[in-house]
Amino acid sequence: MKSFNLRLFVFVLLFIIASSVTAVLRLQMDTDIVRSLPANSVVVSDALDIFANHPIHDQIAVDVTLSTDDLDILVECAQFIEKEFTASGLFREVGNREIAALIPELALHVVENLPMLLTKAELESEIAPKLNADFITTRLQESVQKLSSLEGIGQGQFIASDPLGFMEPVMAKMAMLAPLADAEIYKGFLLSPDRKHLLITARPNVSGTDTASAKQLSALISSVEKSLNEQYESVKTGVSLTPVGAYRAALDNERIIRHDVNFALILSMLGIGFLLFIAFPRPLIGLLSLLPALFGTALSLLVFSLLHPSISIMVLGFGGAIISITVDHGIAYLLFLDQRHDTKGKEASHEVRSIGLLAVLTTCGAFLTLSVSGFPVFVQLGQFTAMGVLFSFLFVHFIFPYLTPAMKASSKRKLPLQSFVDGLYGTGHIGSFGAAVLASVLIFYARPEFQVSLESMNTVSQETMEADSLFTSVWGNISNRVVLMVSAESVEDLQQQNDKLLQKVETDIAEKALENVFVASMLFPGENRAEENLAAWKQFWNPEKLKTFRGQLQESGSTLGFSDQAFSSFLTILAPEYSGKSQKLPAKFYPLLGINESDGKLHEFVNISPGKTYNSQQFFTQYHNSGKIFDSPNFSVQLADILFKSFSTMLGIIAVSITIFLLFFYASWQLTLITLLPPVFSYICTLGTMHLIGHPLDIPGLMLSIVILGMGIDYSIFFVRAHQRYRNPQNPSFSLVRMAVFMAGTSTLIGFGVLCFAEHSLLRSIGITSILGIGYSLLGAFFLLPPLLKGYFSAPVRKSSKKLSIEQRVRNRYRLLEAYPRMFARFKLKSDPMFADLPELLAEQRHSIRSILDIGCGYGVPGCWCLEYCENAKLTGLDPDAERIRVAGFAMGEQGELLTTMASQLPDLAVPADLVLLLDMLHYLDDESVKKLFANCIAVMASGGLLLIRYVIYPKDRAVSWFWKLEDMRTKSNGGKAYYRSADAMATLLENAGFTVEVNMVTKTDEELVWLTGRVAKV
């Protein structure tokens, strides 16, 4: 048989390449980390909606500055930039000059509609102080000076309409819309207060988080800056463009994560490859264990591309770690294959599957639990990783045995790593005591504390951070503002909502809960508010006050040279007969007032500056019915609370699920508790260590529940199953399991460990969190489990007692075995009529039977019953199934000798058999085989020995039950054929073989089962 199938190997490699390329071409990479947040929380969903609709979300802003002070050149640069931006076709809107041009028109609207814009309180606090003669004279003198200078160009209309600046309190409210309160508009451009910086804004055609568009934007800005510097090189003026916007974070995140992904993949592959190289007798063989991992990762990526249009770049960043997770079973398979004796692939697969099936199920189940986390990125990660683990496992057991069908014995190469691993497992009570001391110290620090902010979700370059810092220092930091998004179906609806909102806002401003707010109703009130303000205006301007004011204005104006009709338009709005009406908010003012239109709705973004008594939770409760809110500090607090609840929920779900699963699989509460001990140890130590190193739990902290219970528990399961299967820690196969666990854990530590060096904060946090969880899980498995498992499996089987029935004593023999043979023995003893018939059939020879031959012994339950019934007997059991022979061997102990062989190949017995059992197996043999078997039985039996047969009779005179149909299907699926015989036919075969038939009876409780006994008489 070939040891390696090269053709299949090449096909697998081509499949891996084709799957990876296809998946990459189909999937779009999602670099928007914010979209990984769970939208099922009101606070988070509000924030996501605001991010998606806010005009500034995709907007870029460019700070322009010169190395010399020259406003004209600065404006020329701005004009050139706007021209190039427009010509590029990358923007749907460039500059803010069109918006700035609307300010005079808006100011004129304010002047003409003052009676509807000023509240009663504002009239008393802002207007009343301006009615005295001194203020009027002073203000008119300032107006005369303006009109006589360049500053007064175009101001005549405003002075005539509002000579005393009654509009100023209203216009001042618009300061909240500006990035900087003291900014100046010069020739249509926004200048910083020191007049050294100019601001240009533009809105790209495509979302700023689209990395393809972001690359084009970055290249354009660099090209424009280069052109400007070349243009003004002759006048020795350097031009600096400092852009900020979402596109920079998207580019930085993609670049950093791509670098981290490539770095992690290369480093983890090299690390795991080196580990495999030193761990196998034939070093190159170990490298093959990467093949299932690569296959599983590539296939899961392909399937993922069929289920989703995009994949988070964070999930791809997890790629190296996924390979380290999925390499486990490949390692175990090759360790069982690469031994100092000839091996077969199917046998190695069987051993690995027997030990590791439960581990795969728990890992896949734990990662799939991420689907209920509420975090989209973790939903993707859970599905992607679970598929990777499953496909790798399937590769090991369905493709590897054909890729490496057999392997010759390896050389006796000394493996220091194997000795180290065996020694590590053998630390005994010293190791467990040290682990217990460590956990008892760290438990005092094991407090899960979540801390998260939006800034921590993105990692940007130093250049981007410097740009943000410059922008903040020049144009101010608006991150401390609260944003309220008001949505409406129509302008009228929006104005009505604004009126109600403004009423609440004014109350909170008076109570110092809020400092500054701008709402569009301050300039364009709804009908009700306009009427209220107009009524207050008319009440304020009572006839006496109006007469006095007119006289003072006329007197001061005449003195300064103003004509009698100079302020006629202003006096018109003071007249008692004035009747204004609310106006519908014109669409042209939308951009200026922070309003945009999308999805058939109007969205107004109200900027709010918190006051001295501001309370986030109280504000959210009070204003959430008015719109959607983003409050950065409250958002971080709420997100941390969401993380903690998600962590607790996921931990509870996984813990309960795995506990139930282990109880079902083990059918033993003791083994379940032993298996769970290392994960509990790991939780305590991981949380304690993270607290001591000052690394609070963040979004990757949610993975703790998955990493420790989903992956870390695998090591416990491997050791528990190995103890169940091999019992003796010195068993060579047990040594291979230890090596597989160590290498699986170490490879996973390598895969996650390299992420600790990642530049991106979230990937780095994943690395730190996971390496601690996996590392402590591995330590717990190696130090805590050996003494406990040794004590549990070394406990002597309870001695046979006259107080215990034979059935109870037989069950005791299976007490430490796996759940299936244990349950099989229990239910067979309880439901099979065999054990009610055997005492009658064996009563006469009970004390004379010394040697028993059980042909087709299966799990050995009837044989164990016979050993308990015939106290001085020993048994030789035969079965073609090695797994059943293993179980029967443990159950019978020193009283049994079990051989894996066919029924036709009876061994030479040291002591002739006094009793031969042929139970429920003759229908698998044809007549010739039965005759040969009977002849062979005579050859190994003692004179006077008893052949005890039970066989089945196929029902012919009644409907066939489902049991018979299932049995026929099972027999055919195994490539066999059933031979059902009548009672007379069986008795004839037995007599013809030389036996004396003594019993041929149908079982009392089941007419389909027949007992047949034959006595052999030898001369």
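**Exercise 1.** Is aspartate 422 buried, partly exposed or exposed? Find its salt-bridge partner and classify that residue too.

*Solution.* Keep in mind that this is a predicted model. Start with the cut-offs: buried means under 20% relative accessible area, and exposed means over 50%. Aspartate 422 has a relative accessible area of 27%, so this residue is partly exposed. Next, look for the partner: the side chain of aspartate 422 meets that of arginine 738 in a salt bridge, at 3.0 Å from N to O. The two residues come from distant parts of the chain, 316 residues apart, with aspartate 422 in helix H21 and arginine 738 in helix H32. Finally, arginine 738 has a relative accessible area of 5%, so this partner is buried.

**Exercise 2.** Repeat the classification for the salt bridge between glutamate 506 and arginine 529, then for the one between lysine 828 and aspartate 832.

*Solution.* Take the first pair: the side chains of glutamate 506 and arginine 529 meet at 2.4 Å, N to O. Glutamate 506 sits in helix H24 and arginine 529 in helix H25, 23 residues apart. At 28% relative accessibility, glutamate 506 is partly exposed, whereas arginine 529, at 9%, is buried. Now the second pair: the closest N and O atoms of lysine 828 and aspartate 832 are 2.8 Å apart. Lysine 828 is buried at 16%, and aspartate 832 is buried at 13%.

To widen the view, salt bridges that share partners join Glu351, Arg721, Arg725, Glu818, Glu883 and Arg886 into one network. The full count is 19 salt bridges.

**Exercise 3.** Which strands stand at the edges of the open seven-stranded sheet?

*Solution.* Write down the strand order: S18-S17-S16-S19-S20-S22-S21, with mixed pairing. Strands S18 (896-900) and S21 (996-1003) each have a single partner strand, so one side of each lacks a neighbour in the sheet. On average, neighbouring strands are turned by 15 degrees against each other, direction ignored. Then step inside the sheet: S16 and S19 run parallel and are joined by four bridges, and isoleucine 855 stands opposite leucine 918 in S19.

**Exercise 4.** Which residues of the largest nonpolar core touch the most other members, and which helix gives the most to this core?

*Solution.* Among its 117 residues, the answer is Phe719, Met743, Phe782 and Leu789. Helix H33 (residues 761-794) gives the most, with 14 residues. Now zoom in on methionine 743: leaving aside neighbours within four places in sequence, its contacts are Leu275, Leu276, Ala279, Phe280, Ile331 and Leu335. A second, separate core has 79 residues, including Trp541 and Tyr578.

Terms used: Residues numbered from 1 in each chain as written. Predicted model: local features only at pLDDT ≥ 70, side-chain atom pairs only at ≥ 80, totals over all residues. Heavy atoms only, no water. Pairing = 2+ DSSP bridges. Axes fitted to C-alpha atoms, helices over the stretch in contact; angles between N-to-C directions. Core = buried A, V, L, I, M, F, W, Y, C linked by side-chain atoms within 4.5 Å. Buried < 20%, exposed > 50% of the residue type's maximum accessible area, 1.4 Å probe, protein only. Contact = heavy atoms within 4.5 Å. Salt bridge = Lys/Arg side-chain N within 4 Å of Asp/Glu carboxyl O.
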